[in-house]
Amino acid sequence: MTVGLFIPCYVDQFYPQVAKATLSLLEKLGVNVVFPMNQTCCGQPMANSGFEHLTHGCNSLFIKNFKDFDYIVCPSGSCTLHVKDHLHDEEHEEIAKAIRGKVYELTEFLTDVLKVEKLDAKFPYKVGMHQSCHGQRGLKLSQMTELVAPPFSKPEKLLRMVEGVEIIQLSRKDECCGFGGTFCVAEEAVSVKMGKDRVEDHVSNGAQVITGADMSCLMHMEGILRRQKSPVKVMHIAEILNGDIESLN
Amino acid sequence: MSANNKSMNDLNSSLRGGGSRERILTAVKKNQPELMTLPVVKNFPQGFSSPVEKFSEVLKGIGGSVYEVANYTEVLHILTANFPGANRIMSTVQELSSINKGDTGYEDPHSLEDVDLAVISSPLAVAENGAVWTMDSLVPQRVLPFICQHLAVIVNKENLVSSMHEAYDKIGNADYGFGVFIAGPSKTADIEQSLVLGAHGPKSMTVFLIG
Amino acid sequence: MKKDHAALADKFNQDEPRVDWHDETLWWIRQKRDKAAFGIPEWEELRETASRIKFNVLSNLSQYLEQFEKAALDNGVQVHWAADGEEHNRIVHSILQKHGVDRLVKSKSMLTEECHLNEYLQEHGVEVIDTDLGERIVQLAKEPPSHIVLPCIHWKKEEIGELFHQHLGTPKGNADPQYLTNAARLHLREKFLTRKLAITGVNFAVAETGEMVVCTNEGNADMGAHLADVHIACMGIEKIIPQRKHLGVFLRLLARSATGQPITTYSSHFKKPRKGQEMHIVLVDNGRSRQLGRPEFRNSLKCIRCGACFNTCPVYRRSGGHSYHNAVAGPIGAILAPNLDMKKNADLPFASTLCGSCSNVCPVKIDIHDQLYKWRQVLVKDGYVSSAKAASMKAMAATLSNPALFKIAGKLGRWTIKHAPFVVNNGLNPWFKNREMPEPPKESFREWYQKNRSGTPQPSAGREPQYKEPSKSKIPH
Ligand code: SF4
């Protein structure tokens, strides 16, 4: 099995450690991983701003880069969802469709495809799990509190395999953090307020680390935490699952 | 045709004269999608074992009171004890006519303004939401259950159904002029979400489950 | 220029404790909704049923409207048709004139808000008293409602106490909800008893029987309608449902979704006028038939105005109803408003993070957040977004579709820094106002990968793509 590693542009440039952790985790689980060097972006920033019609170039590039893999795995629910929902190519619609079917967010790839049951990692900290909306409500990585349906959570299932992790309870389990792509600057006031409230929920419930499957939400919350000079850290779930950080200091 | 009717018709046709009816219907017809079938509405059997218990629990939860009674004498007893200060009491229930007090006139709905306690009967009550059904044929004026200060409703236990689906099954195609489900006293929470009973209508609702 | 959602939200956020209070009040209602919904094991199936009934309605609306009209006429009700808000207002006014009425009571109707009936009638010398307590409060304050179910959710009780002191003569400083509600009860009872004409909204209109159902907790619609000589019910044409028994489905969902109550206190079925009374129905289009013709947006007409999407919306809770500058605020308002006026409401579909919570609570399963996304595409294509933004998006698209450009851009001072939302680290940058920027690492992942994994074979990106079945190979160990 060969997996194409799809790394969102901002992760590539700001959070290389997340991409490395993803790569290493997949390799440890015996997967052959390739990072296509010519990848850029899924086109979501434009599409969510109303410019989906400008994403053709991005789309065909994405198709060229990823068409040959058995699976495409991405450590971001939001970018994965965008590809799943919006990757089209008039000339190669069949291939686009196939890609839409084989692109996976990292945690769902681990639970649903690799069917991971145990992990060799240790992280003895209180962790707050941020459910990013696109991963949760879009990809259904975990049950949504609005629905009258049995609970489950793919990322939490994985976190529980890590020795020492204590997942804290939030008072609002799956409220949006307010990042929202360009929303975070276009609607600065509400975006920040949402972020502060989300962070506060984690902090007041004792989180030492806030984690999640989407670095964009985490980047937003990290920005707020750092402005507040809070000791609480932000970490992508891949870093914890890969076990490369055993101590916060 | 009376003069009034005629002028009303003129008014109607002049109002419709702009052809809005046809224009709207044409636009709707043109724009509506292909016919999608109407789903079958299931009966959704309710999980609770005792409709009486459920009804009481729910109605109490929304500010009502419930009494299980064996007969009308008990009802009389309770109402007399609970509403000692009522000056005008109007009962539409034959068996409870002895409780009537004060003015019995009801020709003008406005004249019901000072009714302290209205007692009505309901042919249908719903366990899942604590609602009772009544119709214009069962009250002297439609406004009575709304304008009174306190409302009492007599329901035969046999007429308790579990869900709204069953309730509409029972209502069927009854030809009322006005019908209403009432669930609890009139209420509002418009001021900072603090619940206040007695917004415009009754400040209390008492249901007697009889039989 | 009028302030847009972001500017109005910014203003609302100047008072953070108040935002917290607003947010928590509405979240509490969302929790009540959850509790009520979780009490119904068949909840999701019920939503699906409601949704499908509404789809049927939309697909057969012209016939249902005619069926409804006929049944209503047979019931002795007079039926009027209004193409837009203006015509609706004229029709209502002409009925008033015919009866020589210049004062009336009105219960909650978002449709009349949408048509600006109050303003119209006031200009024509008619006094309108809104009788829903919350609506009366905002009316006294000369404001529009900020929520379709909870019109004065943005008002604190002390402020209402002061308002009532000024208008109803309650003692200064009394802010007890019980006391204030009773003062309003006395004030409004006098209106109910003296006004000869009552206007109500409509929650559901049954095609089969010609009856219309009005749901209130206060009983104000009934107090008005049953005491008045003339009852006018105003409704949008989408309020039709096929059969009486469908009320069972909708009444189970409506109040539970709205406030967490098992049903509203009153669910009144008006079928025929009472003896000596005149009953009118005004059927209003006002853009609905146009929305019906937009395949991507017609689902919005399934809305039953429960307000659940407001209460769950993390943006609405922190920006307040008035930031939407439209009669219907919140997520549903944001997808209805562009249909009414694209230019004026072009900002609203962007006032969302597309989190999707609204679609999940919606009792008729409107795909609200998907429609927000789709409205953005339409608004951009039709030119309702600033040309500066369009230019920067074009530049972004050019870079992102060209790996060579992207790599160069990445090297030259990290392209993403310029295009990601946080531009430069200074006070002018909206990101940086309240958030630190991520610290740029020594090298990007791409650079690291090139250095350390240059041996990994790359996909042949230049070649025309060919479809390849995913291999069934086992995971190697
Ligand atoms: S869109 Fe759905 S949730 Fe929002 S008000 Fe309408 S019915 Fe309720």
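A salt bridge here is a side-chain nitrogen of Lys or Arg within 4 Å of a carboxyl oxygen of Asp or Glu. With that in hand, let us walk through two interfaces of this predicted model: one between the domains of chain A, the other between chains B and C.

**Inside chain A**

Chain A splits into domain 1, residues 2-113, and domain 2, residues 126-248. Their C-alpha centres are 21 Å apart, and the contact draws 27 residues from domain 1 of chain A and 22 residues from domain 2 of chain A. One salt bridge crosses this interface. A:Lys154 and A:Asp112 form a salt bridge, with 2.7 Å between the closest N and O atoms; this pair meets the definition because its distance is within 4 Å.

Polar contacts between the two domains of chain A come to 13 residue pairs, both residues at pLDDT 80 or more. On the side of domain 1 of chain A that touches domain 2 of chain A, the elements giving two or more residues are α1 (9-14), α2 (16-28), α3 (44-51), α5 (77-86) and α7 (106-113) of chain A. Of these, α2(A) gives the most, with seven residues. By character, that side of domain 1 of chain A has 10 nonpolar, 12 polar and five charged residues.

**Between chains B and C**

Here the contact involves 77 residues of chain B and 101 residues of chain C. The count of salt bridges between chain B and chain C is eight. B:Arg21 and C:Glu69 form a salt bridge, their closest N and O atoms lying 2.6 Å apart. Polar contacts across this interface amount to 44 residue pairs, both residues at pLDDT 80 or more.

Helices and strands both appear among the elements of chain B that give two or more residues to the side touching chain C, including α1 (3-16), α2 (20-31), β5 (131-135) and β8 (178-182). The largest share, eight residues, comes from α2(B). This side of chain B divides into 40 nonpolar, 24 polar and 13 charged residues.

There is also strand pairing to look for: β8(B) runs antiparallel to β9 (residues 266-270) of chain C, over five bridges. Within β9(C), C:Ser267 is the bridge partner of B:Phe181.

**The buried areas**

The size of an interface is often given as the accessible area lost when the parts come together. The values for both interfaces are set out below.

| Interface | Buried area | Share from carbon and sulfur atoms |
|---|---|---|
| Domain 1 of chain A and domain 2 of chain A | about 2000 Å² | 65% |
| Chain B and chain C | about 7500 Å² | 59% |

Methods: Residues are numbered from 1 along each chain as its sequence is written. Chains are lettered from A and ligands numbered from 1 in the order in which they are written. This is a predicted model: local features need pLDDT of at least 70, side-chain atom pairs count only at pLDDT 80 or more; totals for chains, interfaces and linings use all residues. Side-chain values use heavy atoms; hydrogens and water are left out. Domain bounds come from an automatic or database domain assignment. Contact means heavy atoms within 4.5 Å. Buried area is the accessible area (1.4 Å probe) that two parts lose on being put together, summed over both. A polar contact is a pair of N or O atoms within 3.5 Å; within protein, one must be able to donate a hydrogen and the other to accept it, and residues adjacent in sequence count only if both atoms are side-chain atoms. Helices (H or I, at least four residues) and strands (E, at least two) are DSSP runs, numbered from the N terminus. Ala, Val, Leu, Ile, Met, Phe, Trp, Tyr, Cys and Pro count as nonpolar, Asp, Glu, Lys and Arg as charged, and the others, Gly among them, as polar. Two strands pair if DSSP finds at least two bridges between them.
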